[in-house]
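Subject: Structure handover and notes

Dear colleague,

I am passing on the structure we spoke about, and below it you will find my notes on what turned up when I went through it. Please read them with the coordinates open beside you.

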There are 2 protein chains.
Amino acid sequence: MRTEFRADLREINQLLVVMATAVRAALTRATTALLTADADEAEQVISGDVEIDSLYRLVEEKVFELLARQAPVASDLRLVIAALHIAADLERMGDLAEHVGRTALRRHPAVAVPSELTAVFTEMGEVADQIGDRITVALSDLDVAVAAGLERDDDRMDALHRQLFEVVLGPQWARSAEAAVDTALLGRFYERFADHAVNAGRHVVFLVTGENTLPVS
Amino acid sequence: MRTEFRADLREINQLLVVMATAVRAALTRATTALLTADADEAEQVISGDVEIDSLYRLVEEKVFELLARQAPVASDLRLVIAALHIAADLERMGDLAEHVGRTALRRHPAVAVPSELTAVFTEMGEVADQIGDRITVALSDLDVAVAAGLERDDDRMDALHRQLFEVVLGPQWARSAEAAVDTALLGRFYERFADHAVNAGRHVVFLVTGENTLPVS
């Protein structure tokens with residue numbers, strides 16, 4: 001029973017790794033679409049979200065099967081529910097990548113990001129890519145130190161998010177309301193992407209150590 | 001066993017009703033704070049979110065206890081997980097009310113909403129209040145028709161959200177970037193509030209009928 005439980009949990013974990021890989025690719029591609037006004041890339045992110053959603057459904061099904069077949073209790077049960085939380089966070093991260101892609105597409109052939117914010121969004125994309133990499137590795141190696149690194153990535157993302165607002169709300173800003181709106185929403189999409197990764201990372205720590213470090217915001 | 005399961009589920013349901021009531025009050029209060037620049041109201045929304053978070057934790061604990069003690073399978077198991085999803089949506093709705101409160105407080109003593117958008121935000125607040133009422137009643141009466149009404153509320157909220165962008169991106173708009181940013185983010189908070197309510201409502205339908213009408217977006 002115990003061996004079977006472990007095997008089932010491993011299978012779920014592998015699906016989470018596949019999800020994290022897909023989510024990372026989606027946001028990286030969305031960032032490219034955003035910064036280069038690449039409609040093809042944007043459309044691929046948008047259509048690709050269906051796959052991430054299917055993976056989420058699959059994890060949910062596997063979790064139900066495992067719960068029904070093994071009826072785990074106590075800490076084992078919490079592991080399974082943690083996996084479900086991670087899947088939900090990854091699914092939402094996929095949605096946020098899709099939102100970035102949709103914004104890029106809406107302004108195409110123009111670039112949605114004003115030139116004075118190219119550097120900030122480039123860096124937000126890099127941090128998001130690192131976040132995507134880190135959550136994938138954390139899940140695949142069940143590495144607590146890697147998962148904990150997500151908190152630092154999130155701090156960097158928050159700093160970039162503040163920097164973005166300093167530009168938009170600063171005295172030099174002379175762009176349209178449309179640019180201000182796009183920038184504010186895009187900033188939020190990246191920031192939320194990082195938040196969900198931190199949540200997922202905390203659940204990974206819990207998966208590995210059994211220690212709950214999960215404050216509800 | 002079956003009777004006990006039902007009693008446990010009822011207890012969880014009652015907690016969800018308490019959560020929904022608190023969430024509704026939070027957003028209604030946040031809307032007042034927003035439209036009247038009332039710092040006290042805003043601060044109460046912000047500090048009150050801790051209670052909603054505690055309720056979420058409590059539901060999570062009750063769900064774990066129920067799963068561990070009763071080891072429900074098949075459809076019963078799905079009911080319990082649906083309750084967990086509803087709690088997560090309500091918790092997030094509380095966060096969004098808090099975001100509205102924080103925006104009101106950030107611009108205090110000024111009103112964050114530009115006067116030409118007062119009517120739109122007033123109506124968004126009314127729709128959100130109705131949403132809060134509907135999800136509370138749907139949970140307390142386990143009423144599928146009431147839950148289904150959330151989809152219509154969400155359509156109204158989406159229409160208001162579009163209307164808001166028409167104003168901000170329209171030719172008459174002559175406000176600061178700050179006003180554009182606030183408006184875009186506030187609009188998103190209300191829209192997401194409605195989205196989460198729709199999700200929660202679909203889980204209520206599932207709780208009652210066992211029918212899964214839950215597309216992953």
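I would start with helix α5 of chain A, since the buried residues of α5(A) pack against α4 and α6 of chain A together with α6 of chain B. Please keep in mind throughout that this is a predicted model, and that every value below is computed from it. The buried residues in question include A:V146, A:L150, A:M157, A:L160, A:L164, A:F165 and A:V168, but A:D153, A:D154 and A:H161 are also among them. The helix α5(A) has 25 residues and spans 37 Å from its first C-alpha to its last, which is close to the 36 Å expected at 1.5 Å a residue. At its N-terminal end α5(A) is capped by A:D143, a side-chain oxygen of which lies 2.9 Å from the backbone nitrogen of A:A145.

The partner from the other chain, helix α6 of chain B, runs over residues 177-209, and its 33 residues reach 48 Å between the first and last C-alpha, close to the 48 Å expected at 1.5 Å a residue. Most of α6(B) is covered, with 28 of its 33 residues buried, and the helix is followed by B:G210, whose phi is positive, near 75°. One residue of α6(B) that you may want to look at is B:H196, which counts as buried because its relative accessible area is 11%, under the 20% cut-off. The side chain of B:H196 is joined to that of B:D89 by a polar contact of 2.8 Å. If neighbours within four places in sequence are left aside, B:H196 is in contact with B:D89, B:R92, B:M93 and B:L96.

Turning to the interface, the contact takes 38 residues from chain A and 39 residues from chain B. The area buried between chain A and chain B is about 3,200 Å², and carbon and sulfur atoms give 65% of that area. As for charged pairs, the count between chain A and chain B is 2 salt bridges, and one of the salt bridges between side chains pairs B:R78 with A:E61 at 3.1 Å, N to O. Across the interface of chain A and chain B there are 5 residue pairs in polar contact, with both residues at pLDDT 80 or more. On the side of chain A that touches chain B, the elements giving two or more residues are α2, α3 (74-107), α5 (144-168) and α6 (177-209) of chain A. Of these, α3(A) provides the largest share, with 10 residues. By type, the residues on that side of chain A divide into 23 nonpolar, 3 polar and 12 charged.

Over all chains the structure holds 35 salt bridges, and a few of them may be worth your attention. What do the side chains of A:E11 and A:K62 form where they meet? They form a salt bridge, with an N to O distance of 3.1 Å. Because A:E11 lies in helix α1 (residues 2-36) of chain A and A:K62 in helix α2 (residues 39-70) of chain A, the pair ties together parts that are 51 residues apart in sequence. Both ends are partly exposed, A:E11 at 33% relative accessibility and A:K62 at 21%.

A second salt bridge is the one in which the side chains of A:R24 and A:D133 meet at 3.4 Å, N to O. This pair links distant parts of the chain, with A:R24 in helix α1 of chain A and A:D133 in helix α4 (residues 118-141) of chain A, 109 residues apart. Here too the residues count as partly exposed, A:R24 with a relative accessible area of 28% and A:D133 at 32%.

In chain B, a salt bridge joins B:R57 and B:E60, whose closest N and O atoms are 2.6 Å apart. Both residues lie in helix α2 (residues 39-70) of chain B, 3 residues apart, or about one turn of the helix. An α-helix has 3.6 residues a turn, so residues three or four places apart point the same way. B:R57 is partly exposed, with a relative accessible area of 25%, whereas B:E60 is buried at 8%. Finally, back in chain A, salt bridges that share partners join A:E4, A:D8 and A:R69 into one network.

With best regards

Notes: Residues are numbered from 1 along each chain as its sequence is written. Chains are lettered from A and ligands numbered from 1 in the order in which they are written. This is a predicted model: local features need pLDDT of at least 70, side-chain atom pairs count only at pLDDT 80 or more; totals for chains, interfaces and linings use all residues. Side-chain values use heavy atoms; hydrogens and water are left out. Helices (H or I, at least four residues) and strands (E, at least two) are DSSP runs, numbered from the N terminus. The expected span of a helix is 1.5 Å times one less than its number of residues. Buried means under 20% relative accessible area, exposed over 50%, partly exposed in between (1.4 Å probe, protein chains only). A salt bridge is a side-chain nitrogen of Lys or Arg within 4 Å of a carboxyl oxygen of Asp or Glu. Contact means heavy atoms within 4.5 Å. Buried area is the accessible area (1.4 Å probe) that two parts lose on being put together, summed over both. A polar contact is a pair of N or O atoms within 3.5 Å; within protein, one must be able to donate a hydrogen and the other to accept it, and residues adjacent in sequence count only if both atoms are side-chain atoms. Ala, Val, Leu, Ile, Met, Phe, Trp, Tyr, Cys and Pro count as nonpolar, Asp, Glu, Lys and Arg as charged, and the others, Gly among them, as polar.
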